[in-house]
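Open the model in your viewer and keep the selection panel at hand. The stops below go from a helix to the sheet and then to the charged side chains.

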Amino acid sequence: MTADVVRIVLDSNQIVGAGSRWLDESVANANDHRRLLVCVAREHSGLYCDEIIDEYLEKLLERRHPPERARKLITYIIGSFTRVALVSEFAPVPPVDPDDEVFLICALDGDADWLVSEDTDLLDLKANYPRPKIGNCQEIMHALGV
């Protein structure tokens, strides 16, 4: 694993992919999204803004995560990640889906090294953003040596 602290914004698909059940279980048999979330929380600097937290909770509840576990996961993220106060209103090259723009803005305003997503609307913007790097879970896990 790299010794440098990497600043990372996780798209909501990473949080939903990690799930919330693991908070009551061992991480030993975790899926890749779960392993990445724990790695970011323990060894790196995860970034969020209020709008992203709202989306995380909304997506978890839409996918029928028990509200108590969803709140526990959100509390874990808020306690482990760093809050970014957004100052930008727009991304220089916005994604097709306007709901994804907040992730780019948070990554830019938070001086993130990575924006991690499985969403093609964000992944298609890789060439437009040398920093933050935009990649999927597998790409960042490889880069971090996880």
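A residue counts as buried when its relative accessible area is under 20%, and as exposed when that area is over 50%; anything in between is partly exposed. Keep in mind throughout that this is a predicted model.

**Stop 1: helix α5.** Select residues 101-109, which make up helix α5. Of these 9 residues, 7 are buried, so by the cut-off above the helix is mostly covered. To see the buried set, colour E101, V102, F103, L104, I105, C106 and A107. Then step past the end of the helix to D111, which follows α5 and has a positive phi, near 55°.

**Stop 2: the sheet.** Switch to a cartoon view and select the strands. In what order do the 5 strands of the open sheet lie? The order is β3-β2-β1-β4-β5, and the pairing is parallel. At the edges are β3 (82-83) and β5, each of which pairs on one side only.

Now go through the pairs. Strand β1 (residues 7-10) and strand β2 (residues 45-48) run parallel and are joined by 3 bridges. Select R7 to find S45 of β2 opposite. On to β4 (residues 114-116), which pairs with β1 in the parallel sense, again over 3 bridges. Here L10 is the residue to pick, with V116 of β4 opposite. Between β2 and β3, which also run parallel, there are 2 bridges. Pick Y48 and look across to R83 in β3.

**Stop 3: salt bridges.** Show the side chains of Lys, Arg, Asp and Glu. The model has 7 salt bridges, and three of them are visited here.

Start with D32 and R35, whose closest N and O atoms are 2.8 Å apart. Both residues belong to helix α2 (residues 32-43), and they are 3 residues apart, about one turn of the helix. In an α-helix there are 3.6 residues a turn, so residues three or four places apart point the same way. Are the two partners buried or partly exposed? D32 has a relative accessible area of 26% and is therefore partly exposed; R35, at 30%, is partly exposed too.

Next, select K126 and E139, which form a salt bridge with an N to O distance of 2.7 Å. K126 sits in the loop between α6 (120-123) and β5 (133-135), whereas E139 is in helix α7 (residues 137-144), so this pair ties together parts that are 13 residues apart in sequence. K126 is partly exposed at 35% relative accessibility, and E139 is partly exposed at 31%. Elsewhere, K59, E62 and R63 are joined into one network by salt bridges that share partners.

Within that group, zoom in on E62 and R63, where the side chains meet in a salt bridge of 3.6 Å, N to O. E62 has a relative accessible area of 48%, which means it is partly exposed. R63 is partly exposed as well, with 46%.

**Stop 4: a negative patch.** Finish by turning on the surface and selecting E51, D54, E58 and D99, which form a negative surface patch. One of these, E58, lies in helix α3 (residues 50-62). How accessible is E58? Its relative accessibility is 44%, so E58 counts as partly exposed. Patch members need over 30% relative accessible area and no salt bridge, and the 44% of E58 is the value to set against that cut-off.

Technical notes. Residues numbered from 1 in each chain as written. Predicted model: local features only at pLDDT ≥ 70, side-chain atom pairs only at ≥ 80, totals over all residues. Heavy atoms only, no water. Patch = residues over 30% accessible without salt bridge, like charges linked within 9 Å, V, L, I, M, F, W, Y side chains within 5 Å. Areas by Shrake-Rupley, 256 points an atom, 1.4 Å probe, with all protein chains shown as cover. Salt bridge = Lys/Arg side-chain N within 4 Å of Asp/Glu carboxyl O. Lys, Arg positive; Asp, Glu negative; His and termini not counted. Charge placed at Lys NZ, Arg CZ, Asp CG, Glu CD. Helix = DSSP H or I, 4+ residues; strand = E, 2+ residues; numbered from the N terminus. Buried < 20%, exposed > 50% of the residue type's maximum accessible area, 1.4 Å probe, protein only. Pairing = 2+ DSSP bridges.
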